[in-house]
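Trainee: Could you take a close look at one part of this model with me? I'd like to go through the charged side chains and how they pair up.

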Amino acid sequence: YEKIHGEDRLLTLPEEGRGIAYVRQWIKEQCADEYHWQLDDDKSFKKRVKQNGKWKEVSATAGEVMGEIETYVGEYGNVAIAGPKTAAYSSGTDKDADGGGKILFNRQVCSFLLIKTSHAASFRAGTIEDTDFNLQVLTGRDGQGSDSENRGTPECTALFHRLLVKGASGSKKGGNHDGLYYGRKEELRAELTRRWPTMEFKTNAAGTFSSRQWGTFEQSVKK
């Protein structure tokens, strides 16, 4: 990174071994721009193009994918999280005539995130941090308990079905390994349920709602 970008453009994480929520929140606090990206650098990308009435996947660059999302989000004032769809979860509406080009609103965006820096939502340790962060944005609260705090006006998330990010999570050592995430999913899910008791989380995919529950968030994008 230093060779490509220069030492003066690099920031060093002040502490190691504190987990992904600490890293994500530290990044958010360092950013001075209206939006910022949070991502792994070992991903590859595809986009869907329509040919003869069917969607076909073709290779894409990071710049193409990120640029399209940034352009769209820049047209609206209340999209707090946006990102491409994770290819591993690419199914269902992706395969029909229209589904492959959809932007789904108020769904979970994970792994590869464009985030509104000023939003009051925070990444919190001890739970599935990206699901928790999405919920804070969508509800405008930090939980569903009587002692929950305000996180501002509920805003939208945008998940781009036409744009895909590929790369197997958990396939490399370091980061979330070393007992910080992998191997603790049930514990982290339990804390997520404690904070969001009316949400029913799937037992086979930590931190993922059923589509029925995502549909309960009714706010729409506004310019």
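Mentor: Sure, let's start with the tally: this model, which is a predicted one, comes to 15 salt bridges. The part I'd zoom in on is a network of salt bridges that links R124, D132, D142, E149, R151, E191, R194 and R195.

Go to R151 in that network. The side chain of R151 meets that of D142 in a salt bridge, at 3.8 Å from N to O. R151 also has a salt bridge with E149, again listed at 3.8 Å, N to O. Both contacts make the count because the cut-off is a side-chain nitrogen of Lys or Arg within 4 Å of a carboxyl oxygen of Asp or Glu.

Now check how much of each partner is covered. R151 has a relative accessible area of 14%, so R151 is buried. D142 sits at 13% relative accessibility, so D142 counts as buried too. E149 has a relative accessible area of 47%, so E149 is partly exposed. Put side by side, the D142 bridge joins R151 to a buried acid, while the E149 bridge joins R151 to a partly exposed one. The dividing value to keep in mind is 20%, because buried means under 20% relative accessible area.

For a contrast, flip to E15 and R18. Their side chains meet in a salt bridge at 3.1 Å, N to O. E15 has 40% relative accessibility, so E15 counts as partly exposed. R18 comes in at 46%, so R18 is partly exposed as well. With E15 and R18, then, you're looking at a bridge with a partly exposed acid and a partly exposed arginine.

While you've got the viewer open, have a peek at the rings too. The structure holds six aromatic pairs. One of them is Y72 with Y76, a tilted pair with 5.0 Å centre to centre and 40° between the planes. Those two numbers are what you want, because a pair of aromatic rings is described by the distance of the centres and the angle of the planes. Y72 has 17% relative accessibility, so Y72 counts as buried. Y76 is at 18%, so Y76 counts as buried too. Both tyrosines also belong to one aromatic cluster, together with F105 and F160.

How values were computed:
Residues are numbered from 1 along each chain as its sequence is written. This is a predicted model: local features need pLDDT of at least 70, side-chain atom pairs count only at pLDDT 80 or more; totals for chains, interfaces and linings use all residues. Side-chain values use heavy atoms; hydrogens and water are left out. Rings of Phe, Tyr and Trp (its six-membered ring) pair if their centres lie within 6.5 Å; planes under 30 degrees apart count as stacked, over 60 as edge-to-face and the rest as tilted. Buried means under 20% relative accessible area, exposed over 50%, partly exposed in between (1.4 Å probe, protein chains only).
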